Amino acid sequence: MSRAKFAFAAHPDAIADLRQLPEPIRDQALLHLQDMVHGERVASRLDGRLEGCHKVVLGAGGDWATHRLVVQFREAPPTSKHSREVYLVAAGPRLDYAVYRSAQNRLGRTGLTVNPGMAPAQEASVRAAQEARVRAARARSARPPQTRGSAGTAYTTASPGFAPTTTARKAR
């Protein structure tokens, strides 16, 4: 096995997320994380509130692309022998964007302008407006279902530190 190119760290709740994944998905997630630490696998860039994060698409059998990992490639602590680290922010189902909401909350990127001293009614109004914007954005970005071939795992070269040895396919 190759030597690790990156250090690894995880948000404490992300470890709990991994434990809650179905066993085949969890095994796949751990292999993906190991490959990323060794610089052998990459992830797709995210934008918007999760700018600077990357996603890894997970799934097994007929449930392909049902789960995601959200990771960051960031500077490692000074005590590390590596200069960069793979930081697991969240792991979980993609359904209803659950894993992305978890990642936003853990990184403090919810986008809500709720102040600690705000009245409950005003806070509810801000949250309702935010949900309305999210629903409108989802409605605008609805895509027809795509059929997936049986080509296997898809990869992308969007992550830092990736040196492709063969032609890579872009993940969806």
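Me: Let's start with the outward side of helix α1 in this predicted model. Which residues of α1 are exposed?

Reply: Happy to begin there! P12, R19 and Q20 are exposed, on the other side of α1 from its buried residues.

Me: And which residues of helix α1 are buried?

Reply: A general idea helps first. An α-helix has 3.6 residues a turn, so residues three or four places apart point the same way. Now the case here: α1 runs over residues 12-20, and its buried residues are A14, D17 and L18. Viewed down the axis of α1, these buried residues fall within an arc of 100°, so they line one face of the helix.

Me: What covers the buried residues of α1?

Reply: The cover includes two helices, α2 (23-37) and α3 (98-107), along with the strands β4 (63-75) and β5 (84-93).

Me: How should I read a strand, then? Which residues of β1 are on its covered face, and which on its uncovered one?

Reply: In a regular strand the side chains alternate between the two faces of the sheet. Strand β1, residues 7-10, has A7 and A9 on its covered face, while F8 and A10 make up the uncovered one.

Me: In what sense do β1 and β5 pair?

Reply: They pair in the parallel sense, over four bridges. From the covered face of β1, A9 stands opposite Y87 in β5.

Me: One last residue: is Q28 buried or exposed?

Reply: Q28 lies in helix α2. The cut-off for buried is under 20% relative accessible area; Q28 has 17%, so Q28 is buried. Leaving aside neighbours within four places in sequence, Q28 is in contact with L58, G59 and A60.

Note on methods. Residues are numbered from 1 along each chain as its sequence is written. This is a predicted model: local features need pLDDT of at least 70, side-chain atom pairs count only at pLDDT 80 or more; totals for chains, interfaces and linings use all residues. Side-chain values use heavy atoms; hydrogens and water are left out. Buried means under 20% relative accessible area, exposed over 50%, partly exposed in between (1.4 Å probe, protein chains only). The arc is that of the directions from the helix axis to the C-beta atoms. Contact means heavy atoms within 4.5 Å. Two strands pair if DSSP finds at least two bridges between them.
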